[in-house]
Amino acid sequence: MKSTIVMLINEQQILDLLKGIQWVNNGSMFILDEKGQVIVSTSITYKLSPSLLA
């Protein structure tokens, strides 16, 4: 039997947690879905270089 788990995550809370990590302030952090699409980012441009996905 297959099932689905749905989790609702407040994006702002995740961003606040990521920004609290000291080294993130010197770079960007991205959370991707299974297709490699950015779903959360600390970057203003919200884009990830395609070369990093290879």
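# Exercises on a predicted α-β-β model

Strand S1, residues 30-32, and strand S2, residues 38-41, are joined by three bridges and run antiparallel to each other. The model that contains them is predicted, and the exercises below work through its elements, its hairpin and several individual residues.

## Exercise 1: Elements and confidence

Determine how many helices and strands the protein chain has, and in what order they run.

Solution. Begin with the count: the protein chain holds one helix and two strands. Next, read the elements from the N terminus, which gives the order α-β-β. Then consider the confidence of the prediction: the mean pLDDT of the protein chain is 77, and 89% of the residues reach at least 70. Finally, rank the elements: the lowest mean pLDDT, 80, belongs to H1, and the highest, 84, to S1.

## Exercise 2: The hairpin

Identify the residue that takes a positive phi in the hairpin of S1 and S2, and state which residue of S2 stands opposite Leu32.

Solution. Start from the pairing, which is antiparallel over three bridges. Across it, Leu32 has Val38 of S2 as its opposite residue. Five residues lie between the two strands of the hairpin, and Gly36 is the residue with a positive phi, near 85°.

## Exercise 3: Met29 and Ser41

Classify Met29 and Ser41 as buried or exposed, and give the distance between their C-alpha atoms.

Solution. First, locate the residues: Met29 is placed in the loop between H1 and S1, while Ser41 belongs to strand S2. Second, apply the cut-off for buried residues, which is under 20% relative accessible area. Met29 has a relative accessibility of 16% and therefore counts as buried. Ser41 has a relative accessible area of 5%, so Ser41 is buried as well. Third, take the separations. Met29 and Ser41 are 12 residues apart in sequence, with 5.7 Å between their C-alpha atoms. From Ser41 to Leu15 the sequence separation is 26 residues and the C-alpha distance is 7.4 Å.

## Exercise 4: Met7 and Lys47

Decide whether Met7 and Lys47 are buried or exposed, and name the surface patch to which Met7 contributes.

Solution. Met7 lies in the segment before helix H1, which spans 11-19; Lys47 lies in the segment after S2. The cut-off for exposed residues is over 50% relative accessible area. Met7 has a relative accessibility of 65% and therefore counts as exposed. Lys47 has a relative accessible area of 65%, so Lys47 is exposed too. On the surface, Met7 joins Ile5 and Ile9 in a nonpolar patch whose combined accessible area is about 400 Å². Lys47, for its part, is 19 residues from Ser28 in sequence and 10.0 Å from Ser28 in space, C-alpha to C-alpha.

## Exercise 5: The chain as a whole

State what percentage of the residues count as buried, and what share of the accessible surface belongs to carbon and sulfur atoms.

Solution. The protein chain has 54 residues, of which 17% count as buried. Its accessible surface is about 4,900 Å², with 58% belonging to carbon and sulfur atoms. As a last step, turn to contacts: among those with a separation of 6 or more, 18% come from residues 24 or more positions apart.

How values were computed:
Residues numbered from 1 in each chain as written. Predicted model: local features only at pLDDT ≥ 70, side-chain atom pairs only at ≥ 80, totals over all residues. Heavy atoms only, no water. Patch = residues over 30% accessible without salt bridge, like charges linked within 9 Å, V, L, I, M, F, W, Y side chains within 5 Å. Areas by Shrake-Rupley, 256 points an atom, 1.4 Å probe, with all protein chains shown as cover. Salt bridge = Lys/Arg side-chain N within 4 Å of Asp/Glu carboxyl O. Helix = DSSP H or I, 4+ residues; strand = E, 2+ residues; numbered from the N terminus. Buried < 20%, exposed > 50% of the residue type's maximum accessible area, 1.4 Å probe, protein only. Pairing = 2+ DSSP bridges. pLDDT = per-residue confidence, 0-100. Contact = heavy atoms within 4.5 Å.
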